[in-house]
Structures are given as C-alpha cells and as structure tokens.
Amino acid sequence: MAVAIIGAGMAGLACADFLKAAGLSVSLFDKGRGPGGRMSTRRLQTSLGEVPFDHGAQYFTARDAAFGQMVGLWRDLGIVAPWPPAGTDAWVGTPGMNAIVKQLAAAHTVAWDHLVTGIARKDGDWWLIGEAGSIGPFDAVMLAIPAEQAAVILSLHDFSMTRIALKARSQPCWTGMFVFGRPLAGVPSVLRHEGDIAWAARNNAKPNRPGPEAWVVQANPSWSSARVEDAPDQISGLLLAALSSAAGSVVPDPVAAVSHRWRYALSAGTGDGALWNDELGLGACGDWLLGPRVECAWLSGRMLARCLIGSEDNPIPTVAPATGSLQPVSKGPR
C-alpha cells in the first residue's frame, strides 16, 4: 500500500513512522527546504560568527506516557535535553530544536522544496498536484499541514473535514532574533507575558548552544495579528524596544537582528485528534486537531496512522521505537 503524506513536520513524520513500521510504503512531501517546520533552527551569519536560533517552538513537554518513552529514546540518542529555566518538564532539541525532526526524517523518503497545491482522484487512486506536475498513484493521502492549508485541499473531496479545518483558525506570531556583543546583565534567561511579548529567551542559555548572547523574542497573538503584514525590519525594531522594556533597561544595539513571521503559529485544537475518510483513503493530522504543543502533533500523527492501519495495536516505529497505550481518537467523517 502506497501512502503520500503532505507535510514533513512532527505530525507527518510521526504518522510516517508508524505506517512504515506496519509495512506500508510512505512518501513525504514538504514545501520547506529541509527538516524543521515550526521546530526549525535558523542560523545567522554575524561579525561574531554563525549564531543558531530556535525561532519556532521554544521547548516541548511530555505528558503522554508513550510520547514520554519516545523522548527518553531521543535523550539516549543525544538529540534532546531538559531545560529547567522553561519548566521542570521542559525539553529542547540539541544542538537545535530541529534535531528531532532531522532524526525522524532520516528514516523516510522526503521530497523537500516540493509544494503540493492539490490532490486529484483518478480510477480509485490519488495523485498529487503541484509545481512539479502530477505524482502518483497513491492508495491514501494524509495531510499534515496547518488547518488553513488543509482546508483548501480538502474542500474538493470531503466537506465534513473541510468544515472542521475551517473552524480551526491559527494565530500568527512575529519572532525577533537578536545577537548582542555582550550579555544582558541581570536579565533572567526566560521572560513570559511581558507587555507585547509572549515569550523571550536567551537562546545561548539552552543546552549545547555555545556562542554569543542571542535572544529570541516572540510577540503575543494580538500584537502579531495587528501587524501581520508589516515589514520584518519594522517588526525587529518594535520587538527590540519591547525587549528593552521587559528587561527594565535599554539593551545595546544588536550585532545582528532579523524577524520571522509565523502566519500559522498557534491553534487551540479542535479535539478531534485526527480526521479520516476510510472510503476515500484521505486523512488529516496536526496539532490543530489536539492542541498547540509538539506532543499533540506527534500524538495526532500516530492517531491518523492507526486509523489507516485499522488496528488497536501499537505498531513499533522504525526510528526510535515506542510502546504504550493509545489515547482515544475521533476518526472524524467516515
């Protein structure tokens, strides 16, 4: 059985792991240039050298038993480490947040820099439509992309799933990345909910992040929504001022500064877990179906895989095996 997964972030790769373990042929397609998605690590070239930034997800937690076992395996591989300043249960990828996604993607066939704009049904098979033309045939297609993007593709094939995706609106987030020539003395490594800032952190304080003083500043959803179409340079200046205000003193001029807009950053989660149309062989997964956490994306991908496999048993993934009980899943429209 051949399965296409559109989106090679945490949800798509988790789904791929379990499908591959069950003996299915899986191909992933992602519009990004490489592994990461919202767990990306961005590198800036500065006069002080190359500086990495976790500019998407800042950390993750493990509250589900099965995901906790997976995190333990990642820890043994040396690609995650605890980060107490963010919380007693906080973990980060090492040497960057994208280390986890890179590890998962290495076990699969992934077409990077491949934008899929639609899917077509022909003689009972699925074909992917995009800039590279048509690719197929596939027996099933899984969408592991933000709700807004999934809704566009689903709209021609399953109205019930489309309706759910349309209700799961994501909130944007502007993220600023700043490199300083000296440490910001007296400022804690983590700042939360300070004025227009939802989160700010000293990125070089995370495990295995050597280098100069580097800060990630993420604006709150309302601030980001009001300025979603503003120019990145303008946003950088505003977020630098917000950091000064939160720090309680004027911060020095940065050696380097850049901003990134996450248009689809946060979704409250619909509670559906995963969506699956067994008759069509069409499904969707992602944190937007559970909650705005890395763990939720992984769980949703695993739930969707179970829908296709049609078994209550836990298949053992090829990369980083895990065991444990599955959480209940709403299979959505049938």
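Mentor: A salt bridge is a side-chain nitrogen of Lys or Arg within 4 Å of a carboxyl oxygen of Asp or Glu. Before we use it: this is a predicted model, where local features need pLDDT of at least 70, side-chain atom pairs count only at pLDDT 80 or more, and totals for chains, interfaces and linings use all residues. Residues are numbered from 1 along each chain as its sequence is written, and side-chain values use heavy atoms, with hydrogens and water left out.

Trainee: What makes the contact of Arg75 and Asp76 a salt bridge?

Mentor: Their side chains meet at 3.7 Å, N to O. The cut-off is 4 Å, so the pair qualifies.

Trainee: Why is Arg75 called partly exposed, and Asp76 exposed?

Mentor: Buried means under 20% relative accessible area, exposed over 50%, and partly exposed in between (1.4 Å probe, protein chains only). Arg75 has 44% relative accessibility, so it is partly exposed. Asp76 has 60%, so it is exposed.

Trainee: How many salt bridges does a search of the whole structure find?

Mentor: The search finds 10. One of them pairs Asp54 with Arg209, at 2.5 Å, N to O. Asp54 is in strand S4 (residues 49-54) and Arg209 in the loop between strand S14 (197-202) and strand S15 (213-219), so the pair ties together parts 155 residues apart in sequence. Both Asp54 and Arg209 are buried.

Trainee: How do you know which class Glu295 and Arg293 belong to, buried or partly exposed?

Mentor: These two form a salt bridge, with the closest N and O atoms 3.2 Å apart. Glu295 has a relative accessible area of 1%, so it is buried. Arg293 has 30%, so it counts as partly exposed. Elsewhere, salt bridges that share partners join Asp54, Lys206 and Arg209 into one network.

Trainee: What makes residues 65-77 a helix, and how does its span compare with the expected one?

Mentor: Helices (H or I, at least four residues) and strands (E, at least two) are DSSP runs, numbered from the N terminus. H2 has 13 residues, so it passes the minimum of four. The expected span is 1.5 Å times one less than the number of residues. That gives 18 Å, and H2 reaches 19 Å from its first C-alpha to its last, close to expectation.

Trainee: Which residues of H2 are buried, and what covers them?

Mentor: Ala66, Phe67, Met70, Val71, Gly72 and Trp74 are buried. Their cover includes helix H1 (10-21), strand S5 (80-82), strand S6 (91-93), helix H3 (98-105) and helix H8 (294-309). Just after H2, Gly78 takes a positive phi of about 80°.

Trainee: What makes S3 and S4 a pair?

Mentor: Two strands pair if DSSP finds at least two bridges between them. Strand S3 (residues 41-46) and S4 have six, so they pair; they run antiparallel. Thr46 stands opposite Gly49 in S4. A hairpin of two residues joins S3 to S4.

Trainee: Why is Ile309 called partly exposed?

Mentor: Its relative accessible area is 28%, so it falls between the two limits. Ile309 is in helix H8. Its C-alpha lies 9.1 Å from that of Leu24, 285 residues apart along the chain.

Trainee: How confident is the predictor in the protein chain?

Mentor: pLDDT is the predictor's confidence in each residue, from 0 to 100. The protein chain averages 90, and 93% of the residues score at least 70. Over residues 314-334 the pLDDT is below 50.

Key: Contact means heavy atoms within 4.5 Å.
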